[in-house]
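Please open the structure in your viewer and keep the sequence panel visible beside it. The tour below proceeds by selection, with a short account of what is found at each stop.

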Amino acid sequence: MPVRVPLTASGPLTEATFLARPNQLLVEARLAGRVVRAHMADRGRLLDLLTPGARLLLAPRDEIGRKTSYQVVGVYSGDELVSLDTQLPNRLMVAAFAAGALPQFARYTKLQREVMVGAHRFDFRLGEGLTTCVVEVKSVGKVEDGIARFPDAPTERGRQHLEVLAQMARSGQRCAVVFIIQRHRARALVPDDGVDPAFARALRAAIAAGVETYAYLCPLTPDGLALGPPVPIFGSPDAIPNTAWV
């Protein structure tokens, strides 16, 4: 059975039409003839996805004290559904750990979420005692010409994470970064030097320091996000061999 997590646990999904994005965390959409506001968890630029008239998937958001009644969970790019929930990959990782679907982490039986290392919070710590692995998960939604690229907006926090992981790796701590590509098609993943050269340099330095990196192609449907096959990670597009383009 493939590992899959639902897009939401809060109720049925509703299709709406994108109108505007007043700020990073807010989207305005047309739903059943009226304008509604929906919370946006993905802080990326998403300029290629959030275009006027784009089809959105919204989930109800009924928590007390919320200023919006909906959560944006996805957007259609042609016939491809793309996730806009940056927490969905973490839920998928928890399910994958529990199912033993990630053989590189199979030796660990304990999982701790939201781990503080100094002033920095990382997504997971696997194991306990002296034998642990610190894991950071990155949500990838940008794919160009069959190549997934991260990030799609400058991320100082992401760069700092990589620098701390590299320091830990040099001292003997096992560390890993897992990129969850929430798309149906991608042949490889590269850091996007054009968007955030500092992050790209930090990723290459982290790999050189011994930080393990993994990327998975995880297709999205209205039924949920599924763990798909691994794809290779390269330091730049120029490093991708011709065989990766076949």
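In which sense do E1 and strand E17 (residues 224-226) pair, and over how many bridges? Select both strands in this predicted model: E1 and E17 pair in the antiparallel sense, and 2 bridges join them. To see one of these contacts residue by residue, pick Arg-4, whose bridge partner in E17 is Ala-226.

Now extend the selection to E16. The open sheet here has 3 strands in the order E1-E17-E16, with antiparallel pairing. Its edges are strand E1 (4-5) and strand E16 (220-221), each of which pairs on one side only.

**Second stop: strand E6 and its partners**

Select residues 70-77, which form strand E6. Of its 8 residues, 7 are buried, so the strand is largely enclosed by the rest of the structure.

Add the pairing strands in turn. Strand E4 (residues 34-39) runs parallel to E6 and is joined to it by 2 bridges. Within this pair, Tyr-70 of E6 is the bridge partner of Ala-38. Strand E5 (residues 55-60), by contrast, pairs with E6 in the antiparallel sense, over 5 bridges. Selecting Leu-57 leads across to Gly-74, its bridge partner in E6.

Next, add residues 80-83, strand E7, which is antiparallel to E6 and joined to it by 4 bridges. Tyr-76 has Leu-81 as its bridge partner in E7. E6 and E7 form a hairpin with 2 residues between them. Zoom in on the turn and select Gly-78, where phi is positive, at about 65 degrees.

**Third stop: helix H2**

Select residues 156-170, helix H2, and place a distance label between its end C-alpha atoms. How does their separation compare with the span that the 15 residues should have at 1.5 Å a residue? The expected span is 21 Å and the end C-alpha atoms are 21 Å apart, so the two agree.

Which residues of H2 are buried? They are Gly-158, His-161, Leu-162, Val-164, Leu-165, Ala-166, Met-168 and Ala-169. To view what covers them, display strand E8 (111-117), strand E9 (120-128), strand E10 (131-140), strand E13 (174-181) and helix H3 (197-209), which are included in that cover.

Finish by selecting Gly-172, just after H2, which takes a positive phi of about 105 degrees.

Technical notes. Residues are numbered from 1 along each chain as its sequence is written. This is a predicted model: local features need pLDDT of at least 70, side-chain atom pairs count only at pLDDT 80 or more; totals for chains, interfaces and linings use all residues. Side-chain values use heavy atoms; hydrogens and water are left out. Buried means under 20% relative accessible area, exposed over 50%, partly exposed in between (1.4 Å probe, protein chains only). Two strands pair if DSSP finds at least two bridges between them. The expected span of a helix is 1.5 Å times one less than its number of residues. Contact means heavy atoms within 4.5 Å.
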